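Visitor: I would love a close look at a single part of this protein. Could you pick one piece and walk me through its surroundings?

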Amino acid sequence: MVAEVRAALLIVDVQLDFCSGGALAVPYGERVVPVLNRAIEDALRHGLLVYASRDWHPPVTIHFKAYGGPWPPHCVQGTEGAQFHPDLELPPSTILMTKGDDPNMHGYSAFEGHTADGIWLADHLHALGVEHLYMGGLATDYCIRESVFDARRAGVHVTVLQDAVAGIDVKPGDSERAFADMREAGAELTTSTEWVYANSALTASLLRLPLP
Ligand code: VGL
């Protein structure tokens, strides 16, 4: 039986290398963790699915400077920096999406992510009837931005939780420009404190358990 779940929370790349002290630190990236923990609690209360993407690069990838890419090595498979932030309270039911593991792909977008069984995020969402993603995580100006664009291309509604994201800002203003681009792409921006699942009653009424 297929569960009809209308909305899900997608947590993008809250990994140690993107937090203070990490190999590609987002300034104060870890500030999103408590905000996301509250969002996770809310999502679970409303019976929504929780997805989490992780950057999971091989040591040799076109993504890294040494091999022609723009970035220092980060989130290398199996290293501590690739671990989720230890304070992030991901529930056991979290659906993990791994991306960046193909040495020929950058893997910015969570939509380049797949489950351990090789199911791409877009196909997973489609199979479960998820039509709306609430998004938070790192980094506003790269992986969040690209994930939003791909979600919109896949016809998925997106709400970005603005206080649950943080940007790298290689150039000052990158995050602000990213917010404008995301809005332009049709994403709604809100804050977690304003966040109410407008469709929560509908979502709950549409839940058909058990999940496949
Ligand atoms: C990211 C830069 C490089 C991100 C990943 O998670 O936003 N940014 N790799």
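Guide: Gladly! Let us take strand E4, residues 132–138, and keep in mind that this is a predicted model. Of its 7 residues, 7 are buried, so the strand is largely enclosed by the rest of the structure. A residue is called buried here if 20 or more other C-beta atoms lie within 10 Å of its own.

It helps to look at the strand one face at a time. In a regular strand the side chains alternate between the two faces of the sheet. On one side of E4 you find His-132, Tyr-134, Gly-136 and Leu-138, and on the other Leu-133, Met-135 and Gly-137. Both of these faces are covered.

Now for the strands beside it. E4 pairs with strand E1 (residues 7–12) in the parallel sense, over 6 bridges. To find a spot in that pairing, look for Tyr-134 in E4, which has Leu-9 opposite. Strand E5 (residues 157–166) also runs parallel to E4, and 6 bridges join these two. Here a good place to look is Leu-133, whose bridge partner in E5 is Val-158.

How does the chain travel from E4 to E5? Helix H3, residues 140–153, belongs with the two strands to a β-α-β unit, and this unit is right-handed.

Next, zoom in on Met-135, on the same face of E4 as Leu-133 and Gly-137. Leaving aside residues up to four places away in sequence, Met-135 touches Leu-10, Val-12, Ile-144, Ser-147, Val-148, Val-158, Val-160 and Leu-161. Met-135 is also a good way into the largest nonpolar core, which has 54 residues: together with Leu-9 and Leu-36, Met-135 touches the most other members. At least two residues of this core come from each of E1, helix H1 (32–45), strand E2 (49–55), helix H2 (121–128), E4, H3, E5 and helix H4 (174–184). H1 gives the largest share, 7 residues. As general background, nonpolar side chains tend to be buried together in soluble globular proteins.

Finally, follow E4 to its last residue, Leu-138. A cis peptide bond links Leu-138 to Ala-139, with omega at about -10°. That is worth a pause, because most peptide bonds are trans. Ala-139 itself sits in the loop between E4 and H3.

Leu-138 and Ala-139 are also both among the residues that surround the ligand. The others are Asp-13, Phe-18, Leu-24, Asp-55, Trp-71, Tyr-108, Tyr-142 and Cys-143. Sorted by type, this shell has 8 nonpolar residues, 2 charged ones and no polar ones.

So, to retrace the path: E4 is a buried strand, joined by parallel pairing to E1 and to E5, and its last residue, Leu-138, leads through a cis peptide bond to Ala-139.

Conventions. Residues are numbered from 1 along each chain as its sequence is written. This is a predicted model: local features need pLDDT of at least 70, side-chain atom pairs count only at pLDDT 80 or more; totals for chains, interfaces and linings use all residues. A residue is near a molecule or strand if its C-beta atom, placed from the backbone, lies within 6 Å of it. Ala, Val, Leu, Ile, Met, Phe, Trp, Tyr, Cys and Pro count as nonpolar, Asp, Glu, Lys and Arg as charged, and the others, Gly among them, as polar. A residue is buried if 20 or more other C-beta atoms lie within 10 Å of its own, exposed if 12 or fewer, and partly exposed in between; C-beta atoms are placed from the backbone. Helices (H or I, at least four residues) and strands (E, at least two) are DSSP runs, numbered from the N terminus. Two strands pair if DSSP finds at least two bridges between them. A crossover is right-handed if, with the strands pointing away from the viewer, the path from the first strand over the helix to the second runs clockwise. A nonpolar core is a set of buried Ala, Val, Leu, Ile, Met, Phe, Trp, Tyr and Cys residues joined through C-beta atoms within 7 Å. Two residues are in contact if their C-beta atoms, placed from the backbone, lie within 7 Å.
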